[in-house]
Amino acid sequence: MKRLFDILFSFLGLIIISPLLLLIAVLIKVTSPGPVFFQGTRIGKKGKPFKIFKFRTMILDAEKLGGPSTAGDDPRLTGIGKLLKKFQFDELPQLINVLKGEMSFVGPRPEVQIYVNMMTEEEKKIILSIKPGMTDWASLSNFHEGEILKGSPDPEKTYMEKIRPEKIRLQIKYVKNHSFLIDMGIIFKTIAKIFYG
């Protein structure tokens, strides 16, 4: 049921929001040099790496100028990138990953290899046992992660101390207790967060 839901609604979602996706793509292209999409490597189910689709929110070669954590005042963010991050619109292209079967609508957010390496073997065994998702309890808990990191002299350290421990706990909680009804609740809460804060 979960996979059927993912296929159906990622396909419909891409069709319905295609005008918005096109508008965002044009704005990115005309306001800063570089590609429309950012395709970073993330770790999926059973530790398998895949390329995640996101709208590019940063300047070219941003990964060479800083770590994977992004504060709301990160100087690498472009003008349109700040707006996309605020409303989480940079995540919309991940509907492609959901349609391809690399992700699900709901599941632990996929991490870069460096953060996966920091997990204990037990954490890896649990969190990587299912497909990563576009949203989950941890995403709702730290919906505006960039604002938490804003103003920090060391965003990476702040992320490790203030965000990551609770994120891991909530991801494990989700994997151990997930169901289709819980997924529906998380999806509706995520939509409400986007539009109502």
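In the predicted model, the largest nonpolar core comprises 34 residues, and Ile28, Phe55 and Phe105 have the most contacts inside it. Beyond its neighbours within four places in sequence, isoleucine 28 touches Pro35, Val36, Phe55, Arg56, Ile80 and Leu84. A second core, separate from this one, has five residues, among them Val112, Tyr115, Leu149 and Ile163. In soluble globular proteins, nonpolar side chains tend to be buried together. Of the 197 residues in the protein, 47% are buried.

The protein contains 10 helices and four strands. Their order along the sequence is α-α-β-β-α-α-β-α-α-β-α-α-α-α. The radius of gyration is 16 Å, close to the 16 Å given by the globule rule for 197 residues, so the protein is as compact as a globular protein of that length. The C-alpha trace spans about 45 × 40 × 30 Å along its principal axes. Among contacts with a separation of 6 or more, 69% are accounted for by residues 24 or more positions apart.

The exposed surface of the protein amounts to about 10,700 Å², of which carbon and sulfur atoms supply 66%. The protein carries 30 positive and 20 negative charges, and the mean positions of these two sets are 4 Å apart.

Three loop positions were examined individually. Glycine 34 lies in the loop between helix 2 (18-31) and strand 1 (37-43). When neighbours within four places in sequence are set aside, the contacts of glycine 34 are with Lys29, Arg56 and Leu60. Arg56 is also listed among the contacts of isoleucine 28. From glycine 34 to glutamine 88 the separation is 54 residues in sequence and 20 Å in space, taken from C-alpha to C-alpha.

Glutamine 88 itself is located in the loop between helix 3 (79-86) and helix 4 (94-100). Although glutamine 88 is not a glycine, its phi is positive, at about 65 degrees. Most residues other than glycine have a negative phi. Lysine 46 likewise is not a glycine and has a positive phi, of about 60 degrees. The loop that holds lysine 46 runs between strand 1 and strand 2 (49-55). Lysine 46 is exposed, and its relative accessible area is 71%.

Key
Residues are numbered from 1 along each chain as its sequence is written. This is a predicted model: local features need pLDDT of at least 70, side-chain atom pairs count only at pLDDT 80 or more; totals for chains, interfaces and linings use all residues. Side-chain values use heavy atoms; hydrogens and water are left out. Helices (H or I, at least four residues) and strands (E, at least two) are DSSP runs, numbered from the N terminus. The radius of gyration is taken over C-alpha atoms; the globule rule is 2.2 Å times the number of residues to the power 0.38. Buried means under 20% relative accessible area, exposed over 50%, partly exposed in between (1.4 Å probe, protein chains only). Contact means heavy atoms within 4.5 Å. Accessible areas come from the Shrake-Rupley method with a 1.4 Å probe; for residues, only the protein chains shown count as cover. Lys and Arg count as positive and Asp and Glu as negative; His and the chain ends are not counted. The place of a charge is taken as NZ of Lys, CZ of Arg, CG of Asp or CD of Glu. A nonpolar core is a set of buried Ala, Val, Leu, Ile, Met, Phe, Trp, Tyr and Cys residues joined through side-chain atoms within 4.5 Å.
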